[in-house]
Amino acid sequence: MPANRCAGTRQGLKASTDDPAWAEVHCGAAPVPKVFCSLFPLPGNLISFAGNLHAPWLQEAAMHYHTPTDRLLQILVALGQSPEAMSAKELSLNLQQPLSSTYRHLKTLLRWGLAQDNGQGRYLPGPACLQLAKKFDREGLLVTLAKPELNRLAELSQESVALMVPSNGQAICIELVDSPQPLRCCYQKGLAQPLLLGASAKVLLAYMEPELCLSILRQQGVEEADFAAHLDSYGAIRAAGHAVSLSEIDLGIWGVSAPLLDSRDRLQGAISLMAPAFRAEQRSERLIRWTREAAQRLSARLD
């Protein structure tokens, strides 16, 4: 095993890594899939180049966004999501754009430094994206206000804590405080997951506008016959003020998430706490209470 990898006793856990972009853990002899962390805070890791190249939410986007600007931005987002450099043909197929248009938009992105050619006819995010990421980190109001609460909750719980926001059918981690414990949840700032499973996704869906919630459920492939069950579960989450998950995304991972609502009750994001299930279940009530209190304090500061 390489020096920057580690073997965990449970899936979704890691001991340490010195690789900022990749993390891999093992449960017995079976590897857990690697996850990619974008170099800049655009939606994360939904495209699987080992399997189907046509991610469902990208197909949905391709059907609704028809202006040249939309198509250019689709390419930029896709480059940020991809775990490897993409060719123009792959972009064209994924986004259902004409190949000639794809090349034209890539030329614009290259000229502005938002994309770069790796020398083999494949494309990556360009250096200007890093400038956007630094600007986002430095001046993002929600992140600035959230950092003290995230640090406080992480110190109190000794578990990993994340600030999550909804974007383009995904829950994106825009700030993260890692647990100091050797055995902890494996997550990365910039990582995204579909808005469907997990405590973060469920609490974001529960508190967003109903029309948008239903649209996202359709994008995620949920049958309309199952909408009522999902909406009932979201009603229960709103009544409780938080969502809890266990092994919904990674085996052996427990999570709790509480919404961030501004002074007009508009959803701004969520604070999520993640922990190994064997450790969290012994004190789940305290972890839930601490997470809710952190979210309430931060919400009180949001206009």
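**A tour from the small sheet to helix 6**

Begin by selecting strand 6 and strand 8 (residues 122-125), which run antiparallel and are joined by 2 bridges; strands here are DSSP runs of type E with at least two residues, helices are runs of H or I with at least four, and both are numbered from the N terminus. This is a predicted model, in which local features need pLDDT of at least 70 and side-chain atom pairs count only at pLDDT 80 or more, while totals for chains, interfaces and linings use all residues. Residues are numbered from 1 along each chain as its sequence is written, and side-chain values use heavy atoms, with hydrogens and water left out.

Now pick Met-86, whose bridge partner in strand 8 is Tyr-123. Add strand 7 to see an open sheet of 3 strands in the order 6-8-7, with antiparallel pairing, where two strands pair if DSSP finds at least two bridges between them. Strand 6 (86-87) and strand 7 (115-117) stand at the edges with a single partner strand each, so one side of each is left without a neighbour in the sheet.

Move next to helix 6 (residues 141-157), whose 17 residues reach 25 Å from the first C-alpha to the last, close to the 24 Å expected at 1.5 Å a residue, a span counted as 1.5 Å times one less than the number of residues. Select Lys-147, where helix 6 bends by about 40° and Pro-148 follows within four residues; the bend is the angle between axes fitted to the seven residues ending there and the seven starting there. Finish at Gln-158, just after helix 6, which takes a positive phi of about 60°.
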